[in-house]
Amino acid sequence: MDIFFNFLDLLKLQVENNFFYSLFFITFFLLIYNSFSIPGNIIFIASTGYFFGIYIGFIISILTIVFGSLLFFIFSSYFLNKFSPNTIKKYSKQIDKYISNSSIEFLIIFRIIPGTPLMVQNLILSFLNISKLKFFLSSFIGFSPLIFILVFFGHQLNSFENVKSFEITDIISFKFLIFIFVIITILIIRIIYKKNKH
């Protein structure tokens, strides 16, 4: 484990000595990585906090995951509509009946609940008839809480002692779950209000 942290310290020193080059490289890498919605992104998100700090790490992580997902969404929607347009129209119309009045709220809830792999999320959203703006906004809002927690966690990994005492509750704490619950509750209230209004 000491070898691992010595390696991290060496990398961090390289980042500090070549800050803008490292910032560009990591941002470009994460954008491409997220454009393919490859699993394992949690490690890279935490690493941005470790190497760049909370604020820059959060900005890098949220922008690359949102724009990367948007690129995946655009290309997958294009290919799905090109090769099986009837199937796409069938499912999108059925889903639109339920979420048309509150699509942004449903999309934020879909994004904010952790667990579903990014590729699965983006593929599901590719079946829906939603605008790029709604996709962007819902992804930005929905991803923000978990990404901030992961970046913050990465920033805290400064010593071997922190890793030894690490528990899953350090990332997903009770307060974090309460926060997510409150946001989802507010969104559900908005959905019910809009439904009753129409």
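Which backbone oxygen lies 2.7 Å from a polar atom of the side chain of Thr 64? In this predicted model, that oxygen belongs to Ile 60. Thr 64 sits in helix H4, which runs over residues 54–83. With a relative accessible area of 3%, the threonine falls under the 20% cut-off and therefore counts as buried. Leaving aside residues up to four places away in sequence, Thr 64 touches Thr 27, Leu 30, Leu 31, Asn 34 and Ser 69.

One place along from Thr 64, Ile 65 has its own set of partners. Again without residues up to four places away, Ile 65 touches Asn 34, Asn 41, Leu 118, Phe 143 and Ile 147. Asn 34 thus turns up in the contact lists of both Thr 64 and Ile 65. Ile 65 also belongs to the largest nonpolar core, a group of 10 residues. The other members are Ile 45, Phe 58, Ile 62, Val 66, Leu 118, Phe 143, Ile 147, Leu 150 and Val 151. At least two residues of this core come from H4, and at least two come from helix H8 (132–156). As a general backdrop, nonpolar side chains in soluble globular proteins tend to be buried together.

Ile 45 of that core is also one of the buried residues of helix H3. The rest of the buried set in H3 is Asn 41, Ala 46, Thr 48, Gly 49, Tyr 50, Phe 51 and Phe 52. As for its length, H3 covers 12 residues (41–52) and should span 16 Å at 1.5 Å a residue; its end C-alpha atoms are indeed 16 Å apart, so the two values agree. Just past the end of H3 comes Gly 53, with a positive phi of about 90°.

Aromatic rings crop up repeatedly, with 12 aromatic pairs in the structure. In one of them, the ring centres of Tyr 33 and Phe 44 are 4.9 Å apart and the planes meet at 70°, so this pair is edge-to-face. The pair ties together distant parts of the chain, as Tyr 33 is in helix H2 (residues 19–35) and Phe 44 is in H3, 11 residues apart. Tyr 33 is buried at 12% relative accessibility, whereas Phe 44 is partly exposed at 27%. Another pair, Phe 136 and Phe 140, has ring centres 6.3 Å apart and planes at 25°, so it counts as stacked. Both of these phenylalanines lie in H8, 4 residues apart, or about one turn of the helix. Phe 140 is partly exposed, with a relative accessible area of 30%. Elsewhere, Phe 19, Phe 20 and Phe 52 form one aromatic cluster, and Phe 52 is among the buried residues of H3.

Key
Residues numbered from 1 in each chain as written. Predicted model: local features only at pLDDT ≥ 70, side-chain atom pairs only at ≥ 80, totals over all residues. Heavy atoms only, no water. Expected span 1.5 Å × (residues − 1). Buried < 20%, exposed > 50% of the residue type's maximum accessible area, 1.4 Å probe, protein only. Polar contact = N/O pair within 3.5 Å; in protein donor to acceptor, adjacent residues only side chain to side chain. Contact = heavy atoms within 4.5 Å. Core = buried A, V, L, I, M, F, W, Y, C linked by side-chain atoms within 4.5 Å. Phe/Tyr/Trp six-rings, centres within 6.5 Å; stacked < 30°, edge-to-face > 60°.
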